[in-house]
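Visitor: I've got a structure open and I'm not sure how to read it. Could you walk me through it, one feature at a time?

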Amino acid sequence: MKNLLHFKLPEIVLAFLLVGSGIALSTSSGGFIIDFNTVGFSVMSAMQKGVYTVFSAVTGTFTAIHDMANLQQEYKALTEKLENYEYMKRNNVEINKENALLREQLGFAESVEYKNVAAQIIGRDPDSRYSGITIGKGARSGIRKGMPVIAIQNGNIGIVGRVVTVGMGTSLVMPVYDLQCNISARVQNTRDIGIVTGNGTDSETLSLKYIRRRVIDELHRGDVVVTSGENDNYMRDIPIGTIENIAIVDYDTSLNIELKPIIDFSRLETVLVVDQHVLNDRIPSGLGGSR
């Protein structure tokens with residue numbers, strides 16, 4: 001019996017404590033239940049918060065992707081607008097330049113004493129029989145073989161060459177720098193007459209021949225050489241070039257004179273083909289000399 005009581009004493013004490021705890025809890029206004037609800041609420045709230053966080057992150061990612069796509073489209077649209085603006089700006093500059101050139105050419109064409117036809121340069125062929133310049137006007141516009149061709153560039157009038165071949169809608173011009181070109185010329189200041197010939201390319205100087213050695217002291221670098229008007233090939237007093245260099249050749253009685261062309265052929269775009277046998281009916285009053 002003693003052993004039995006000794007064995008069951010801990011179980012009795014444990015049972016007593018459990019019963020006492022139950023009574024205490026039952027008299028504490030449902031504190032145990034409230035704590036249980038609170039714990040459940042906390043767990044559920046944490047789960048809801050987690051779900052909301054995950055949902056917000058996913059939604060935010062999709063929103064960011066959509067916004068990025070919109071930004072890329074807007075960037076592309078703005079880039080295209082900028083390119084269009086730059087293109088229009090460049091075109092506007094080109095148009096203004098062309099208008100300025102056309103106004104200059106128109107004023108010049110009207111001031112020339114003789115009838116003339118404005119033409120655009122459409123091609124150049126340095127390897128042909130002539131160092132040819134092709135223009136976009138021909139027989140339909142009244143152009144004939146042998147007509148002189150002139151131009152105005154940066155306010156300077158100058159000889160370009162002479163028409164050597166005529167088609168219905170195009171013509172070939174032999175420029176002054178061609179090896180076969182010969183122009184009767186006069187030094188504007190001294191009135192000495194010589195012959196201007198080309199040296200093959202527009203990057204070379206022209207040659208003025210048959211100017212006497214004894215007038216060397218009267219010639220200066222920069223003196224203008226013009227057409228003499230003789231032989232009826234070119235009009236009189238049209239500038240050809242300016243003296244660039246003067247040299248004496250021992251075995252020659254004439255000076256070796258190099259000329260810089262008045263016209264910069266590398267930048268030449270439009271020309272005037274002149275009919276020097278017909279007066280210009282567009283010429284304003286008071287211009288062009290005697291009629």
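Guide: Happy to. Keep in mind that this is a predicted model. Let's begin with one pair of side chains: R236 forms a salt bridge with D237, and their closest N and O atoms are 3.6 Å apart.

Visitor: What's the general idea behind a pair like that?

Guide: Side chains of opposite charge can pair when their charged atoms come close. The cut-off here is 4 Å between a side-chain nitrogen of Lys or Arg and a carboxyl oxygen of Asp or Glu. At 3.6 Å, R236 and D237 form such a salt bridge.

Visitor: Is D237 buried, exposed or partly exposed?

Guide: To read that, look at relative accessible area: under 20% is buried and over 50% is exposed. D237 has 37%, so it counts as partly exposed.

Visitor: How many salt bridges does the structure hold?

Guide: There are 7 salt bridges. One of them brings together the side chains of E244 and R221, at 3.0 Å from N to O. That pair links distant parts of the chain, with the two residues 23 apart. E244 sits in strand β10 (residues 239-248), while R221 is in the loop between β8 (206-209) and β9 (224-227).

Visitor: And how do I read the exposure of those two partners?

Guide: The same way as for D237. R221 has 62% relative accessibility, so it counts as exposed. E244 has 28%, so it counts as partly exposed.

Visitor: Can you show me another pair?

Guide: Sure, try R267 and D264, whose side chains meet in a salt bridge at 3.9 Å, N to O. R267 counts as exposed because its relative accessibility is 63%, and D264 counts as partly exposed because its value is 32%. Salt bridges can also share partners: R191, R236 and D237 are joined into one network that way.

Visitor: Let's zoom out. Which helices and strands should I look for, and in what order do they come?

Guide: Follow the chain from its N terminus. The elements run α-α-β-β-β-β-β-β-β-β-β-β-β-β. In total, the chain has 2 helices and 12 strands.

Visitor: Which strands close into a barrel?

Guide: To read a barrel, go from each strand to its neighbour until you get back to where you began. Here 6 strands close up in the order β1-β2-β5-β4-β3-β12, with antiparallel pairing. From one strand to the next, the twist averages 45°.

Visitor: How do I follow one of those pairings in detail?

Guide: Pick two neighbours and look for residues that stand opposite each other. Strand β1 (residues 114-125) pairs with strand β2 (residues 132-135) over 4 bridges, in the antiparallel sense. There, G123 stands opposite T134 in β2. On to the next neighbour: 3 bridges join β2 to strand β5 (residues 171-175), again antiparallel, and T134 stands opposite L172 in β5.

Visitor: What about β3 and β12?

Guide: Strand β3 (residues 148-153) and strand β12 (residues 270-279) pair over 2 bridges in the antiparallel sense. Look for V149, which stands opposite V273 in β12.

Visitor: How do I read the chain as a whole?

Guide: Ask how much is buried, what the surface is made of, and how far along the sequence the contacts reach. Of the 291 residues, 29% count as buried. The chain exposes about 19100 Å², with carbon and sulfur atoms supplying 58% of that area. Among contacts between residues at least 6 apart in sequence, 58% join residues at least 24 apart.

Technical notes. Residues are numbered from 1 along each chain as its sequence is written. This is a predicted model: local features need pLDDT of at least 70, side-chain atom pairs count only at pLDDT 80 or more; totals for chains, interfaces and linings use all residues. Side-chain values use heavy atoms; hydrogens and water are left out. Two strands pair if DSSP finds at least two bridges between them. Axes are lines fitted to C-alpha atoms, for helices over the stretch in contact, and angles run from 0 to 180 degrees between N-to-C directions. Buried means under 20% relative accessible area, exposed over 50%, partly exposed in between (1.4 Å probe, protein chains only). Contact means heavy atoms within 4.5 Å. Accessible areas come from the Shrake-Rupley method with a 1.4 Å probe; for residues, only the protein chains shown count as cover.
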